[in-house]
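User: I'd like to learn how to read strands, crossovers and cavities in a model like this one. Can you walk me through it?

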Amino acid sequence: MNHGGSGPGGPLTLTDYAELAHRRLEPDVWDFVTGGAGDERTLAANTAAFDCVRFRPQVLSGVVRPALTTRILGRTWAAPLAVAPVAYHTLVHFDGEVATAAAAGAAGVPFVVSTFAGRTFEDIAAAATAPLWLQVYCFRDRGVTRGLIERAAQAGFEALVLTVDTPRLGRRLRDVRNGFRLPPGVEPANLAGSGSVSPSEHAREAFDPALDWTVVEWLRSISPLPVLLKGILTPSDARRATEAGADGVVVSNHGGRQLDGAPATLEVLSETAAAVSGRCTVLLDGGVRRGADVLAALALGADAVLLGRPVLHGLAAAGQDGVADVLGIVTEELADAMTLSGCPSVADAGPALVSRSAVPVPGSDQRSAAGRPRAAVSGLLKEELHGSVSDPVLDTMNFLNEVTHRYPDAISFAPGRPYDGFFDPEQLFTHMRRYMEHLTTSGYSPARVRDALFQYGPTSGQIRELVAESLRLDENIDVSAESVVVTVGCQEAMLLALRALIAGPDDALLVSSPCYVGITGAARLLDIEPTAVAEGPDGIRCTDLEAAIRAERSRGRRPRAFYVIPDHSNPSGATMALDERHELLKLAAREDFLILEDSPYRLVSPGRQLPTLKSLDRERRVVQLGSFAKSLFPGARVGYAVADQLVTDRSGNTCLLADEFTRIKSMVTVNTSTLSQAVVGGMLLAGAGGAAEHNADTTQYYGEAMRTTIRQLDASLPEVERAELGVRWNRPSGGFFLTVTVPFLADNDALARSAEEFGVIWTPMSYFYPQGGGERVLRLSVSYLTPAGIHEGTARLAKFIRAAARSERTTKC
C-alpha cells in the first residue's frame, strides 16, 4: 500500500521514515528527537511490551472492512489515534506544527499541541480541520499557564492535557552527552524569553515543583475545556484523577521524570483502565509503532492511542506529506489487524483478543524507539528481562527492608514474621535426633538413615505421612499421605498450584482483594493476571465472587481457581463466616472451579477456630496450601500442598493432582531440604503427631499482642478524636494483622515520613490490591514486637496519624 511516499523499493514503512529522518537531521537533533522526553531505556521498554503481545483471532467473523471510527469527548475520530504532544516540530521541518496539524486534519484525527510548540497556537489552528488539544505544563507563575490556556481556547482548542509527571524531566542521556541546546531561531512560539536553554533547565526553572491534586480543580475553575491528565501509571492515581474531576487519563511514562524499573505503559494499561471503569477517557502514549500496537492497546482498555516519534520522523523526511503518510500507514495497518483478528469495530476490541507472553512474538523486529535495531550495549537491558522484574509487587518487600535499615531506631509494625523469643537453637538438635530415632524404629538401617538426611530425598517429600497425620489431628482433615507434597515454604506450593491449574490465557485466577502479595507475585512470574474480588469486613462474600465468575465467563474465560485466606487474613485480618464457607464450597461445585485455601494463622490464634474449607470439603474442591513457618519453625521453610483431586488423561488413566505438582516441583526445587524436613518432622513427633501442641504459649502471646495493640490504639486515639479525624481500625480475633483506615494517602512517601519524623514503620495496604485500592489504609503486624514495643509503637503511630490527618485537612482548606 502507498500512502503518498515511496522509494526505490516500493512504498515506505515507518522504519523507512525513521531512516530518512536519521539521515536528514543533525546528529544532536536526531538524538533529541529519538530520545523523546525519556531516555533510550524508557522508550525501548514501551516498544518491547508491544512485541510481547499475541493476538487470538476470531475465525468466520465476516469482517471485510472494520469500522475504525470512535467517539471521544463528544467528537468523532476517523481512527482511535491522535498525534501526541512533542515539542519543537520546527526543529525537524520549517513548517513545524502547522504541517502536522494539516496532515492530522486530513486524516481526521486530533493533534495534541505541546506548550513548547515552535509555531503559534493561532497559526496551528488556522491549518487544522480536526480537533486540537493543548498539552499543559503548570508553571510557577500560574498567570503564564492561565494565559496559554486562554490563548488556546480563543484559537479553538477543545481540551487540556496536563502533564503530571513533571516538574523534573527525565535525565536524557543523549542530550547530556551532546550538551544539547535549542539552536538559534527555534524556541517556544507561545512563550517569551526561553532562549536557547536545554529543555531540562527550562523545566527546573519554570515548572511548579509543588503540584498536588488541587491543580485539577484550579484548571477547571479557569477554563470550561475538558481536562485530561498525562503521566498516569497506577490504578490508584487513575481513580484519584476521576475523583478530582478529570475527564480523561493518558497512560504515559515519558512525559517527565523516569524511574529505573518503572513499568512500560502497556503493562499497566489494563489495570488502570479497570480502575476508572468507563468513568473517563483512557488514552495510551508510548511505544506505538504499528497498527497492531493500536489494536493491542484497544484490547487492553485504551479508548485510543497517541503517536509521537513516528510523526516527527515523517515530518523530518517529507513535511506534511510525510506526516500524512505515517498516519495513513498506521491506520491501514490497524484495519488489517482488525480484519485478520475478526474484530469488526473499535468498540469490539476487548481482552479476549490478546494475550501477553514473557518473550517477544517470534519474528518481531525487536525495534528500538526509533524503529531501528537496538545498538549493542554492555551488559543486559532490563526491558529484555521478564516483565515481572519491573513489577512493583516484587519491590514491596525490598522497599520495606530499605526503610527498616535506613531507620534502625524506628519501631516496625511491618514484618509479618513470628516472634523469635520462643526459639532455642539447642532444640534443633533435639528435634533432629527425635526424627532419626523415628526412622530407626520404623525399620530404617543406619545407611538408609544417612541417606534420608544427606541425600536429595523424594521430590514429593520425606515427611508426607507426618504432615497428613498432623492435619488429621489438628484440623480434622483426613487425606492420604499420597495427597501431600512437601514444599519449600507455602510460596512454592502456590507456584506449583498456579503452574498446574492455569493452562493458558483463557484460564482465570480469582483472588480476594486485598490479597497476600505472595500469590499475586507468583502469578506475575507466570504471566497470569489475577482477577480481584473485593473482600468485605468479614472476608469474601460469595455473591461478589459469583458476579466476578460470571463476568469472566462473559469475556470467554474459564474461572479455574480462587485463592483465599479464610482465617485472620493477611493483610486485612478478616475471617470468613461459617455460612459463607459452606456457600463457597457450593459455589465451587456449581461453577466448577477449585479453591486454593491458605490458612497459616489458625494454630497461632486464640480461641476455637472455625473449620477449614478443606475439612468441610466433600467433593475435592479445595487444594490446601499450608506452611509450618508460623506454627513451628519459620527458618526451615517447610510448607505443603494437599491436592487429592483426581486427574484423568485421554486414555482414561488417573492420578492425583499431587502427582502433577510433584512433576513440576522436580523441575523447580527438585526436593525440599531433607534437614529442614527432619527438624519439622521431629517437632511434629514431639507434639504427639500434631503442630497444635507446640503453640499453647505462642497462641497466648499473639492473642495478647493483638489485644494490646487494639487497646493502645483506643487509648492513644480516643473515639471522639478518631471520629473527628476520620480514623478507624478493625478488631481481628487472631492472626498477625489489623488494618487502620486514615484520611490521607498512606503511600511510600507517607511511610518514609512516618519512619523519619515519628520513628514508626507500617505497611501501605495499597501493596495488597491487585487492581488498585487501599490507598488510605495501612497494615499493622503485631506478631514480632514485645509488649513494650507495642506500647511505644502505637503511641508514635498515633502522633503520626494525628499530624498527617491535620496536614491533609489544612491542604484541602
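**Reading strands, crossovers and cavities**

Analyst: Let's start with a strand. Thr281, Leu283 and Asp285 point one way from β12, Val282 and Leu284 point the other way, and all of them are buried. That covers the whole strand, residues 281-285, with 5 of its 5 residues buried.

User: Before we go on, how far can I trust the coordinates, and what is the average pLDDT of the chain?

Analyst: This is a predicted model, so check confidence first. The chain averages a pLDDT of 87, and 87% of the residues score at least 70. Over residues 6-10 the pLDDT is below 50, and this stretch has 3 contacts in the model beyond near neighbours in sequence. Residues 256-261 are also below 50, with 21 contacts beyond near neighbours in sequence.

User: Back to β12, then. Which strands pair with β12, and in which sense?

Analyst: For pairing, look at the bridges on each side. β11 (residues 248-252) pairs with β12 in the parallel sense over 5 bridges. β13 (residues 304-307) is joined to β12 by 3 bridges, again parallel. To find the register, pick out facing residues: Gly248 stands opposite Thr281, and Val249 is opposite Val282. Towards β13, the bridge partner of Asp285 is Leu306.

User: How does the chain get from β12 to β13, and what is the hand of the crossover?

Analyst: Trace the connection and note which way it turns. Here the chain leaves β12, passes through helix α12 (residues 291-299) and arrives at β13, in a right-handed β-α-β crossover.

User: And β11: is it enclosed or open?

Analyst: Count the buried residues, with buried meaning under 20% relative accessible area. In β11 that is 5 of the 5 residues, so the strand is largely enclosed by the rest of the structure. Then check each face: Gly248, Val250 and Ser252 lie on one side, Val249 and Val251 on the other, and all are buried. β11 also pairs with β10 (residues 227-232) in the parallel sense, over 4 bridges. There, Ile232 has Val251 of β11 as its bridge partner. With helix α10 (residues 235-244), β10 and β11 make a right-handed β-α-β unit.

User: Let me try β8 with the same routine. What should I find on its two faces?

Analyst: Cover first, then partners. β8 (residues 132-136) has 5 of its 5 residues buried. Leu132, Leu134 and Val136 make up one side, Trp133 and Gln135 the other, and both faces are covered. β7 (residues 111-113) pairs with β8 in the parallel sense over 3 bridges, with Val113 opposite Leu134. The route from β7 to β8 goes through helix α5 (residues 121-127), and this β-α-β crossover is right-handed. β8 also pairs with β9 (residues 159-163), parallel, over 4 bridges. In that pair, Trp133 stands opposite Ala159. The chain gets from β8 to β9 through helix α6 (residues 142-155), in a right-handed β-α-β crossover.

User: Where would I see antiparallel pairing, and which strands are at the edges?

Analyst: Read the strand order across the sheet, then look at its ends. Four strands form an open sheet in the order β26-β27-β30-β29, with antiparallel pairing. The edge strands are β26 (728-729) and β29 (763-764), and each pairs on one side only. β29 is joined to β30 (residues 777-781) by 2 bridges, and Pro764 has Leu778 as its bridge partner.

User: Now a single residue. Is Ala561 buried or exposed?

Analyst: Take its accessible area, then its contacts. Ala561 is in strand β20 (residues 558-564), and it is buried because its relative accessible area is 1%. Leaving aside neighbours within four places in sequence, Ala561 contacts Leu501, Ala508, Leu509, Leu510, Phe593, Leu594 and Leu596. The C-alpha atoms of Ala561 and Ile502 are 8.1 Å apart, although 59 residues separate the two along the chain.

User: Last topic: how many cavities of 30 Å³ or more are there?

Analyst: There are 3. The second largest has a volume of about 200 Å³. To place a cavity, look at its lining: this one has 19 lining residues, of which Glu475, Ser599, Leu603, Ser627 and Tyr640 lie nearest its centre. α17 (464-475), β21 (594-598) and β22 (622-627) each supply at least two residues of that lining.

Note on methods. Residues are numbered from 1 along each chain as its sequence is written. This is a predicted model: local features need pLDDT of at least 70, side-chain atom pairs count only at pLDDT 80 or more; totals for chains, interfaces and linings use all residues. Side-chain values use heavy atoms; hydrogens and water are left out. pLDDT is the predictor's confidence in each residue, from 0 to 100. Contact means heavy atoms within 4.5 Å. Buried means under 20% relative accessible area, exposed over 50%, partly exposed in between (1.4 Å probe, protein chains only). Two strands pair if DSSP finds at least two bridges between them. A crossover is right-handed if, with the strands pointing away from the viewer, the path from the first strand over the helix to the second runs clockwise. On a 1 Å grid over the protein atoms alone, a cavity is a set of points where a 1.4 Å probe fits but cannot get out, and a pocket is an open set with protein on both sides within 12 Å along at least five of seven lines; lining residues have an atom within 4 Å of a point. Grid points are joined across faces, edges and corners, and a volume is the space filled by probe spheres set on the points.
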